Each structure stands twice: as structure tokens, then as C-alpha cells.
Amino acid sequence: MIPKINIAEHRRYARFWVAVAAMGMAAAAAPCADAQGGAPPVEITVTHVPGTGQLVNVPVNKSVLVDFSVPVREVRIANPEIADVAATAPNQVMVTGRSFGTTKLVAWVDGGAQCIFDVAVDLDLERLQASIRSTVPRARVAANSVLNTVVLTGTVPDVEAASHIAEIARIYTNNVINHVRVAGVQQVLLRCTVAEVNRSATRQLGFNGWIAGDNVRDMFFVNQLDGINPVNIGAAADALVTRRVPFLTDRSGLPLTSTPTLSFGFPRVQMQIFVQALRENGLLKILAEPNLVTISGQEAEFLAGGEFPVPVPQRDSVTIEYREFGVRLRFTPAVLSESVIRLRVAPEVSEPDYSSAVTLSGFVVPGLIQRRVETSVELGAGQTFAIGGLLSERVRSVSRKVPALGDIPILGALFSSVEFQSQETELVVLVTPELVEPLAPTQIAYIPGEGVVPPTDAELFIENRIEGRVAQQDPRTDPQYAWPVQPAELYGPAVYRLRGPVGPAGGAEGG
């Protein structure tokens, strides 16, 4: 019968065997010296434990039974802090996991045979597998343990299921390696339409004028309100104050600037009136239709615009930096399931604003007008949502008049200036996400302009046509074909070589 081995005795035996092994290694390193001068040296032989043996997996804080076909005489464990061993019957021992790690188990049985085992103490994943099956029944996920780390492999139907499985695994351990793959299409095409309408209206009315000369001997009058057309008029330099003082204009006359829209005068009276009367209506429409493709969870960005330079003064020089403007679109999709896409989208429309420009080191740097929105929504593939109501309205009205004279009914308009400006800006963004897959090599996508035929000399010089006539109906523009189509539908069944995605290749092309 094999006596039962308690834990204290077992650990004492283990320390003994470790000490014996250390002594043996030291003896192997240096032969024993003579004890009494002429006595022969002691011969020592070191036997190494085999590197591998039968594997015994033990969950931490749990036990497994190892049965033998013959009685067991003795068992030893290399590291009692990782696992304990105890005899429960003549032909059976129990191995209990204490902490994560690996160690060796050596058993001696009747007949002198020696059995060596590798003991690995890992996590208990049976309950974890049951939790995964009950939470996400459609998932095909396997949980494997490496010491205190859980490795998840397999496929799940959507991103949300993968997140739930990872959260369940973290209940058992904080060390989780997630190799779970989401099944299905994970590429998202975003069809976006950005439209901005800018309406402006301006109304102006102002008067300038002067009267002086021989027909008005005792006075002159100049109206310079708003400086519509500045007047250079005054007394002659050589006139005597004892006589009538003539008032003269500039030698080159009074040139019209670009500001007045109307001017009239009376030469014999020497009077001229400058009128600024303007009504202006403006309409600006900005439209961009970017299409972007990205993988679920990755950000995509689109910019249709340009850059303008901005000087940056340094200690001894001036460097140039560039700021971007135009229609920008950033979006990050997350495919939650086959029918739900979570979308974070951030469209932006910007343009230079020279009304708020500043002058820096001799450079005129414009400001930047920006309209930006950022939001997150959930919708199905092919559904569309609109971001509207981004309306900006500005009204500016200015009235200037000469006191008293500008308040005279009817005639007061000659001594006043009024200006009214209004501007409305509205931005609308339409967004449609779709799940897409790459085209197969046998499919062809339509390329705009591929059906353009160069004109012949007769069509170009006689008929003034910049595009030639198509001899027959081009199947790429025929509505009976739905894109993408098979090459045989366009070019016949004998075509096997293609030039990229656009059509058949000839000679050594394609392949």
C-alpha cells in the first residue's frame, strides 16, 4: 500500500530532492577530493529528467485524478507552489492546481518503472464556453487558455456580438487576446451629397455733387457724402480778394471713379451730380457628391477644395504654411449587424473670407468662413438621412445724411446715402451608407467617358463636332444592362482578355 502524502511532508521531500540535485550538479562540475589522502575519488552520475512527458491540464484551484494500471510506489512534484499531488488509492493520485504555471510530476510504480508528466495549471474555460454559447448562440467561438491568458478564436455574426464575448472573457481574466473575426461584409460605401445655397441682395442709393463758377458768383457748394466721386474744387491761386473770386476745378477735370453708377451736370451753371444707385442679387450653389469606401471601424476622409498660403513670421525669416478649404467629409462606420450601420459623420464647408482679412508682413491673409456639423446615427444599409436646417441669415443696413438738409422731403435724398444688404446661406447634407463587396474579375464597372468616340476630319472641320457619332448602340449606355455586367454581355463570348476593367485588349495587351 502507498502511504498518503500530506502537503507538509510532500514539500519537505521536494526540498530534499532539490538539495540532492544541487549537490549532484556541483559534483559533476568538480570531482570529489580525496577524504584521507590516498582514498580513491567518489564517482557521481547525473541523470536529467526528460524534457517532455504526458500533459496533465489542471484548472487553477481545481483537481484532476491520474489513474495507473499498477500500484504507485512514490510521486514527486517539482514546484509545489504551482501544483500539489496526493495519493488517493494504490493506483491513483490527485493533482491540484495552486497557481498559473507549468511544472513536472514524476511517479515511480511497481517494477521500478518511472512515469513523467508535464503539469500545466490554466484557467477553467468550461464555464466561459457555456457563457459564450448562451449569450451569442450564433457565434462559433472557441476559448483557449495559455496560463492566465484567454485566446478567443472563431467567427461572430456582428461587431456587437464580438464586443459582448470579449466583455464576458474579461470577467475570468484581464488578459484577453481577441482573434475573433466578424463574418459578412465589412466594407461600407458612403454616398454623400453636400449642397449649399448662398443668396445675397444689395440696394444702394447716394448722391454727390458740386456747383460753382461764373454763374454762381458769390458761393460754391460741394457734397462729399460717402466719397462717391471726390471733387477737387477751390479758388484760383492768383485771384485777388478785392475782385470776384473764380472757382475752378482740377486742370484734368473731375474724372469719374468706378463707384458712381450715374453722373449728370449743367455746364453753363457749372454743376455736376454723381449718383450711386445699385440693386444687386446674387446666387451661389456649391454641390459635391463624394463617394468613399472604408472598412468598418476605420475613418475615411474626402476634400474637394484647395489651399491658400499663410505667412508665419520667424525670428529672421518668414515661412509659408497652407490652410485647406473647400468641401470636406469625414466618416467612421461600424457595421453592427447585417441590417444596422452605426455612422459617425462630420461634413464641413469652408471658403476664404477677404472681408476679415489681415495684413501680415506685407501679405494679405484672408479669414475662413466655416460651416461644420458632426453627428452619430444608426440606420440600415441603403437608407438615407439628411442634415438640414444649417441656415445663416445676415442683414446689414446703413443710412447716412447731412443734418437738416437730409431731412427735407424729396430734396433730402440729394444729401443722404442709404445701403441695405442681406445674405442667406443654407447647407444640406444627404448621407446614404451601403455595404459593398469588390467586383469579381469577370465583372466590369462603367467608366465615365469610355464611350466617347473621337471625331473624324469631316465631323470636326465641316460639322464642327467635337465628338464622333457612335455607329451602333453602345451597350455601356444601354439601359437594358445593369452594372456591373459580365464581359460577354458587352463584347461577346469570345473575349477572354481584358484591358483592366474597361474592355477587350488586343495583341500582347491584357493577360
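A nonpolar patch, as the term is used here, is made of residues with over 30% relative accessible area and no salt bridge, whose nonpolar side chains are joined within 5 Å. In this predicted model, such a patch is formed on the surface by M219, F221, L405, I408, I410, L411 and L414, which together have about 630 Å² of accessible area. One of these residues, L411, lies in the loop between strands β23 (385-401) and β24 (416-436). With a relative accessible area of 51%, L411 is classed as exposed, because the term applies to values over 50%.

The protein chain as a whole contains 5 helices and 24 strands. Of its 511 residues, 32% count as buried, and the accessible surface of the chain comes to about 31900 Å², of which 55% belongs to carbon and sulfur atoms. Among the contacts with a separation of 6 or more, 61% are accounted for by residues that stand 24 or more positions apart in the protein chain.

Helix α3, which spans residues 159-172, has a set of buried residues that includes A161, A162, I165, A166, I168 and A169. These residues cover an arc of only 160° around the axis, and they therefore lie on the same side of α3. The spacing of such positions follows a general rule: an α-helix has 3.6 residues a turn, so residues three or four places apart point the same way. The cover over the buried residues of α3 includes helix α2 (126-135) together with the strands β8 (140-146), β9 (149-156) and β10 (176-182).

The structure holds 16 salt bridges, and several of them can be followed individually. K104 forms a salt bridge with D118, in which the closest N and O atoms are 2.6 Å apart. This pair links distant parts of the chain, since K104 belongs to strand β6 (residues 101-109) and D118 to strand β7 (residues 114-122), with their positions 14 residues apart in sequence. D118 has a relative accessible area of 18% and is therefore buried, the limit for that class being under 20%.

A second salt bridge brings together the side chains of E299 and R330, at 3.8 Å from N to O. E299 is located in the loop between β17 (291-295) and β18 (300-313), whereas R330 is part of strand β19 (residues 318-335), so that the pair ties together parts that are 31 residues apart in sequence. Both partners fall into the partly exposed class, E299 with a relative accessible area of 49% and R330 with one of 27%.

The side chains of K401 and D407 also meet in a salt bridge, with a distance of 3.4 Å from N to O. K401 counts as partly exposed at 42% relative accessibility, while D407, at 52%, counts as exposed. Elsewhere, salt bridges that share partners join E196, E351 and R371 into one network.

A polar contact of another kind is found at S356, a residue of strand β20 (residues 341-360), where the side chains of S356 and D353 are joined at 3.1 Å. S356 is partly exposed, with a relative accessible area of 40%. The C-alpha atom of S356 is separated by 9.5 Å from that of I369, a residue 13 positions away along the chain.

Finally, the backbone angles of two loop residues may be noted. D226 has a positive phi of about 70° although it is not a glycine, and this residue is placed in the loop between β12 (216-223) and β13 (233-235). At 35% relative accessibility, D226 counts as partly exposed. N464 likewise is not a glycine and has a positive phi, here of about 55°. The position of N464 is in the loop between helices α4 (457-462) and α5 (487-491), and with a relative accessible area of 61% this residue is exposed.

Terms used. Residues numbered from 1 in each chain as written. Predicted model: local features only at pLDDT ≥ 70, side-chain atom pairs only at ≥ 80, totals over all residues. Heavy atoms only, no water. Patch = residues over 30% accessible without salt bridge, like charges linked within 9 Å, V, L, I, M, F, W, Y side chains within 5 Å. Areas by Shrake-Rupley, 256 points an atom, 1.4 Å probe, with all protein chains shown as cover. Salt bridge = Lys/Arg side-chain N within 4 Å of Asp/Glu carboxyl O. Helix = DSSP H or I, 4+ residues; strand = E, 2+ residues; numbered from the N terminus. Buried < 20%, exposed > 50% of the residue type's maximum accessible area, 1.4 Å probe, protein only. Contact = heavy atoms within 4.5 Å. Arc of directions from axis to C-beta. Polar contact = N/O pair within 3.5 Å; in protein donor to acceptor, adjacent residues only side chain to side chain.
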